[in-house]
Amino acid sequence: MPTTAPSPKRSAAFEQGGASFADATASDGALRRFLHGLPGVDAVGLEARAASLGTRSIKTTAKAYAIDLAISMIDLTTLEGADTPGKVRALAAKAVNPDPTDRTSPRTAAVCVYPDMAATAAAALAGSGVKVASVATAFPAGRAALDVKLADVRDAVAAGADEIDMVIDRGAFLSGRYLKVYEEILAVKAECGRARLKVIFETGELSTYDNIRRASWLGMLAGADFIKTSTGKVAVNATPANTLLMLEAVRDFREQTGVQIGVKPAGGIRTSKDAIKFLVLVNETAGEDWLDNHWFRFGASSLLNDLLMQRQKLSTGRYSGPDYVTVD
Amino acid sequence: MASAFDYAPAPESRSVVDIAPSYGLFIDGEFTEAADGKVFKTVSPSSEEVLSEVARAGAEDVDRAVKAARRAFEKWSALPGSERAKYLFRIARIIQERSRELAVLETLDNGKPIRETRDADLPLVAAHFFYYAGWADKLDHAGYGANPRPLGVAGQIIPWNFPLLMLAWKIAPALATGNTVVLKPAETTPLSALFFADICRQAGLPRGVVNILTGYGDAGSALVEHPDVNKVAFTGSTAVGKAIARQIAGTDKKATLELGGKGANIVFDDAPVDQAVEGIVTGIFFNQGQVCCAGSRLLVQESVQDELLHSLKRRLSTLRLGDPLDKNTDIGAINSEEQLSRITALVESGEAEGAERWSAPCELPSAGYWFAPTLFTNVTQAHTVARDEIFGPVLSVLSFRTPDEAVAKANNTQYGLSAGIWTEKGSRILAVAGKLRAGVVWANTFNKFDPTSPFGGYKESGFGREGGRHGLEAYLDV
Amino acid sequence: MSDGRLSVFKTYKLYVGGKFPRSESGRVYEVTDSKGAWLGHAPQSSRKDARDAVVAARKAFGGWSGATAYNRGQILYRVAEMLEGRREQFVREVADAEGLSKSKAAAVVDAAIDRWVWYAGWTDKIGQIVGGANPVAGPFLNLSTPEPTGVVTVLAPQESSFLGLVSVIAPVIATGNTAVVIASADAPLPALSLGEVLATSDLPGGVVNILSGRTAELAVPLASHQDVNAIDLTGAGGDAELAKELETAAADNLKRVLRPSASRRPAKGEQGEKGADRPQPVDKADWSADPGTHRLTAFLETKTVWHPTGALGASGSSY
């Protein structure tokens, strides 16, 4: 199909948001000055705000709404060395029909797999509306040459991936080579064609909140459609605080450029209670425009069953158990 | 605010607290009617529902209570510190055990959100008793010389904004040091002090060590006046504080006064802006702004003023005002009709003097006393809203150009209780803090309290410190 | 014992890393009361048990030292609460271990419970007593705060099997250190039972590790262990030669050493008797006396932070 791939030197954000940040990416020095000029983040205050929003009590109708919304936002994920077509097909079936006892359950947003499983996922999901997301760019470490990473992306897109989850070069970021990170995102974005691009920062490796804010802006300037916390493969993955910080970033970016960008916390969100806390963060930080699976996702696997059990509890009044949801 | 994600009501259960239809005064370990039989009603400010009827203490009751405290003093002060400690530890633990009940009670009587009573007031109350319990047997190490002696009978008068917490700030250090007390809670919030009296009985505290007199200003005045009171501790308005200072002139009574404030919250252009916005909100809208140390004046550097105000208004629009017992409520009711009229009058004066008013878009309930979160821009040092303590959810925004101008404006008040500084530059924090004439300075945070940390004012915000090792001095003969 | 019912004996075990292992060596030794009657078996710990205990203590150090002082105080107070509930058990064990009458043993146990309360109150106060702002001559904030030194090996007193034991453990952990404790060799049972109390008092596993066995066999490897930061030699007080050997070994990584004589330091206000500071049998120590603060400060480091304050502006204040 004909695509108008953005020129590798300018991202879509500039096209839509005006040239206000064009200077910021003109050189490594300019990019550093821009990113280091962003307001600082006070860690104690940030975490206190996230914790405070975590005390919201979401009951009855609000809970039912939140559970269905959360299910619809899941990128149901399997990223194991032991993945097989059978495993992926089972997961796809689960994504399309999460609760066999209750057809009113929403479908998940996507199934997220490695590139070599993208074709299998695409075939299994065809016509369902559930997207195929594929990690790429030498996920999860990202330690490969650029052309290898781009080939990885190309493969995934060719196999039918609707969404690409790339990892940034954390080594380059931590050593201050921001332009390298930026240009790599641009190149991947160009390779994505129509596929939406999620940029994974691996916040657990970036370590500081200031770094996470800088990475968020870097990713958004480079044309990310989503900014994503983590691979799920390191010790610290999505947390309420780092997700809150990224929600502030997309909120501010849209105010300044008019471009809306999605957020995807991934890894470590396992319970309905946790998921609802994240939705409260979305609601009270970025706002209701983000309460949609086009703009917010959960990278998760075991979360789905917990949401389904809570959903059953709301409809039957009885607590459910793991024998009443499917193992996939 | 209509949103796709509309939080359903999540009310905390009222059934955890059992409020009796009437209460007496707590004197010498017994609940008793006022000598003249007078009573008054206490209402829930969020609904105007009458919660209970309590005895109204008069001068005769004050005398009875002081005599009971004096009788108890000899034995109480002679107890080994380690034994006094164990009583206070017991009280701390019972408060922890009953904290949900007390939180609901406080929310009902005061009007503040359950989120605050549950997550701030009650944990701090228990912590305060726990902290001072530990001092009771360590007074020799407190830096006041060997074997410091208590003063005797302490007359304590507390306000309605943090009823149980102010009680803790008063009673815990007094008992730890070996004093006995007569405490008068505010007339609009008498209930939690009476529940505390019950906790004293559960803890087996000897009779007369703690006496609670519910009543009005006349009872407070009689308590201050009583010749057998050795120590006066007051938290409340500066006007009453001055009256007390005059009353005790020429006596041997020792006093601590914790009075009003007009705290400056100073935001520099290199502040962590999202956290600064939260700090401003906490600073002035915590407890509906009915906080003596509230950051009621926002001093913002001109270069970031527009950006900051934009963020602040956006944030204020997400505040949830309503039923204080709802766990999602951020802004509760104003404590009384009287206080609401005072706030309203001051806000009207702000508008009349030409300041620009903005109020958060929120619906106010039809019953009870409510005021929407409000801020004034175009405020100068000359405006009433920049000078008078409003004691409500009203923020006055002023601007500055340089750090020394910020300090000059911050100090340009008769008060000196609190201040805030927002900047990522450490040396600026310390330089500015060094110049501020305020008893508590928060940097990149606001309205933080801890039993180990001394609190109190400069200038007309009062004198003496509560909390920490310093808080012992007010109750020791040193 | 009573009414002809056959009682159930308890197997006494070590307390390491929050768990109750037997000695890896498989050894036990007989424990008797003061009249020589058999009370039970105690694990005879090996140097490998000691090594495991240090690993557990080090692992627990980050969390415990990072906990708020308030939280530590609550937990120490919880220990007192839990002990109060098991008071009768300890009265019996202390009476057996030390040959005391029931009433004397009860007084000892009560004092031990109160000692936990005393130190519970210190956790959030010691910093205010020994730390503070220093008025340096320059535009700087200069703040000194105490911090725990790390993993502390504690040789518990040999005679006072419970009050003495509590008196040496509580101050070490009150300030955020973690401890490897060598119980009284001949009277280890109250110490091993204390482990059961600590395990149910919200105290994180590994903060206190209790070993029973031959004091010298355990103390020697611990004194030379490079991942131990300090050693309290109280339990070597009756053996001056051992104490000296341990202190010498401790010098290898400059462990902080609390000498046995520290237990005879007169409490504040007490008349210092002649020669009180000279090493002498520690078991003459009066554990019921005011403990003062020296056992708290013995295992603290002082950290001093400098930070510029500067001026408000380049040209000074114009207001």
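In which loop of chain A is Ser207(A) found? Ser207(A) sits between helix H10 (203-206) and helix H11 (209-221) of chain A. Welcome to a short tour of this predicted model, covering an annotated domain, two chain-chain interfaces and a few backbone details.

**The annotated domain in chain B**
- An unreviewed UniProt entry carries the annotation "domain: Aldehyde dehydrogenase", and that annotation spans residues 32-477 of chain B.
- Across residues 32-477 of chain B, helix makes up 41% and strand 16%.
- The C-alpha atoms at the two ends of this stretch of chain B are 32 Å apart.

**Where chain B meets chain A**
- On this interface, 21 residues of chain B are in contact with 24 residues of chain A.
- Two elements of chain B, helix H4 (114-135) and helix H9 (273-285), give two or more residues each to the side that touches chain A.
- H9(B) supplies the largest share of that side, with five residues.
- Sorted by class, the side of chain B that touches chain A is made of seven nonpolar, seven polar and seven charged residues.

**Where chain C meets chain B**
- Here 27 residues of chain C are in contact with 31 residues of chain B.
- The elements of chain C that offer two or more residues to the side touching chain B are helix H2 (69-85), helix H4 (102-120), helix H5 (126-130) and strand S10 (300-308).
- The largest share of that side, four residues, comes from H4(C).
- By class, the side of chain C that touches chain B has twelve nonpolar, eleven polar and four charged residues.

**Backbone details to look at**
- Most residues other than glycine have a negative phi, and most peptide bonds are trans.
- Phe139(A) and Pro140(A) are joined by a cis peptide bond, with omega at about 0°.
- Pro140(A) lies in the loop that runs between strand S3 (131-135) and helix H7 (146-158) of chain A.
- Ser207(A), back in its loop between H10 and H11 of chain A, is not a glycine, yet its phi is positive, at about 75°.
- Ser207(A) counts as partly exposed because it has 13 C-beta neighbours inside 10 Å.
- Asn147(B) also has a positive phi, near 50°, in a residue other than glycine.
- The loop that holds Asn147(B) is the one between H4 and strand S6 (153-157) of chain B.
- Is Asn147(B) buried or exposed? Asn147(B) has 9 other C-beta atoms within 10 Å, so this residue is exposed.

Definitions and conventions. Residues numbered from 1 in each chain as written. Chains lettered and ligands numbered in written order. Predicted model: local features only at pLDDT ≥ 70, side-chain atom pairs only at ≥ 80, totals over all residues. UniProt positions renumbered as here; feature names shortened; annotations may be inferred. Contact = placed C-beta atoms within 7 Å. Nonpolar A, V, L, I, M, F, W, Y, C, P; charged D, E, K, R; others polar. Buried ≥ 20, exposed ≤ 12 C-beta atoms within 10 Å, placed from the backbone.
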